Amino acid sequence: MVDYLWNTQSPLQKALVPGCHGATGAHPGVTLREVRDIVLVQVMARRGKAAETAKAAKKLFGVEAPATPKAVIGKTATLVWSGPDQFTVIAPRTDEASQLAAMAQAFTGSASLSDQSDGRCLIRVSGARARDAIAKFSSLDLHDSVFPVGTAANTSVDHTAVNFWREANGTDGHPVYNMLVFTSFSDSLWHTIVDSSLEYGVEASSAKAA
Amino acid sequence: MRIACPFCGERENGEFTYLGDASPKRPNFAADSGESPERVEDAFYDYVYLRDNVAGFMREYWYHGGGCRSWLIAERNTVTHEFRSVIAAPGVGAANPVQAGE
């Protein structure tokens with residue numbers, strides 16, 4: 001009898017080589033991090049139930065769910081706009097089953113939920129030259145006046161759908177961008193980001209979501 | 001060419017897919033209404049195949065597949081590619097009580 005052993009592994013198992021790559025200097029221009037152990041749920045309001053969904057989100061997360069392309073930080077999760085009357089909930093994984101159960105209960109009758117925790121890969125790009133690196137493969141205007149902290153966008157990068165949002169600046173004062181991509185495309189996107197960042201120096205790593 | 005999605009803002013046209021004229025309405029015949037088969041057939045032939053070749057502004061369906069995945073209706077000048085307006089198609093978003101196609 002054959003025993004099958006299923007081990008969860010990162011979709012970037014091969015692509016992610018921790019450490020510094022490309023140009024060497026005092027500080028790498030780009031910091032690239034895979035954020036692991038996330039719980040990710042797509043929330044889609046049912047027809048005519050947008051108001052109820054917003055109310056349920058407010059009750060569960062303590063913040064208004066984004067009605068425009070924004071990312072808002074709630075009590076236990078970040079809510080990122082992902083289309084008209086729909087948003088994505090992203091939280092560090094603690095107890096996945098109870099996290100999902102709490103959401104299923106909160107949105108009963110108002111919204112449809114889809115667990116995407118293992119379907120997407122979260123990549124965080126930050127640093128002094130992050131914007132320059134991203135400009136090479138994205139057509140979004142990331143200027144501070146257009147894309148301030150808290151802005152989100154659904155966009156297409158390298159023909160791949162990406163949920164993109166900007167969170168609070170890092171401790172170094174430089175912008176921090178998040179990219180959520182289908183796991184099967186994350187390898188390709190990772191290489192694209194690394195290649196675009198090499199001339200600025202890039203430090204790659206992975207970390208648990210916090 | 002850049003298209004101003006009513007949800008996402010201005011984006012490059014590569015994120016969008018073009019469907020075509022937004023004006024044809026699907027013929028709606030009640031079953032057993034006594035309508036002659038020829039008339040029904042003609043109406044569907046018009047709906048499926050016949051299109052005006054407009055030089056100037058026309059209403060068109062565009063799909064923002066590389067963004068918010070919403071169907072949109074744009075008024076575009078087919079001569080100059082100027083967009084006059086871009087709005088959500090009926091049925092887009094749960095707040096909208098109208099089903100798509102109605």
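A:Leu100 sits in helix α2 of chain A. Helices here are DSSP runs of H or I with at least four residues, strands are runs of E with at least two, and both are numbered from the N terminus. The model is a predicted one, so local features need pLDDT of at least 70 and side-chain atom pairs count only at pLDDT 80 or more, while totals for chains, interfaces and linings use all residues. Residues are numbered from 1 along each chain as its sequence is written, and chains are lettered from A and ligands numbered from 1 in the order in which they are written.

A:Leu100 comes out as partly exposed because it has 15 C-beta neighbours inside 10 Å. On the scale used, 20 or more other C-beta atoms within 10 Å make a residue buried, 12 or fewer make it exposed, and anything in between is partly exposed, with C-beta atoms placed from the backbone. Setting aside neighbours within four places in sequence, A:Leu100 is in contact with A:Val41 and A:Asp115; contact means that the C-beta atoms, placed from the backbone, lie within 7 Å. A:Ser206 is 106 residues away from A:Leu100 along the chain, and their C-alpha atoms are separated by 24 Å.

The helix that carries A:Leu100, α2 (residues 96-106), belongs with a five-stranded sheet. That open sheet of chain A runs in the order β4-β5-β6-β3-β7, with antiparallel pairing; two strands are taken to pair if DSSP finds at least two bridges between them. At the edges are β4 (71-73) and β7 (111-115) of chain A, each pairing on one side only. Neighbouring strands are turned by 25° against each other on average, direction ignored. β4(A) and β5 (residues 78-83) of chain A run antiparallel and are joined by three bridges, with A:Val72 finding its bridge partner A:Leu79 in β5(A). Two helices pack on this sheet. Helix α1 (residues 50-61) of chain A touches β3 (38-45), β5 and β7 of chain A, and its direction makes about 150° with that of β3(A). Helix α2 (residues 96-106) of chain A touches β3, β6 (86-92) and β7 of chain A, at about 15° to the direction of β3(A). These angles are taken between N-to-C directions, on a range from 0 to 180 degrees, using lines fitted to C-alpha atoms (for helices, over the stretch in contact).

Chain A also holds a second open sheet, this one of seven strands in the order β1-β12-β2-β8-β11-β10-β9 with mixed pairing. Its edge strands are β1 (19-21) and β9 (152-157) of chain A, and the twist averages 25° from one strand to the next. β1(A) pairs with β12 (residues 202-208) of chain A in the antiparallel sense over three bridges, and A:His21 stands opposite A:Val202 in β12(A). Helix α4 (residues 183-197) of chain A packs on this sheet; the strands it touches include β1, β2 (30-36) and β8 (120-126) of chain A, and its direction makes about 15° with that of β8(A). The buried residues in α4(A) are A:Ser186, A:Leu189, A:Trp190, A:Ile193, A:Ser196 and A:Ser197. The end C-alpha atoms of α4(A) are 21 Å apart, which agrees with the 21 Å that its 15 residues should span at 1.5 Å a residue; the expected span is 1.5 Å times one less than the number of residues.

One of those buried serines, A:Ser196, is touched by A:Phe137, as are A:Val157, A:Asp158 and A:Thr192, not counting residues up to four places away in sequence. A:Phe137 lies in the loop between α3 (130-135) and β9 of chain A and is partly exposed, with 15 other C-beta atoms within 10 Å.

The domain assignment splits chain A into domain 1 (19-36 + 119-208) and domain 2 (38-115); the bounds come from an automatic or database assignment. The C-alpha centres of domain 1 and domain 2 of chain A lie 24 Å apart, and the contact takes 11 residues from each of these domains of chain A. On the side of domain 1 of chain A that touches domain 2 of chain A, β8, β9 and β10 of chain A each supply at least two residues.

Between the chains, 15 residues of chain B are in contact with 16 residues of chain A. Helix α1 (residues 37-49) of chain B is hardly covered, with zero buried residues among its 13.
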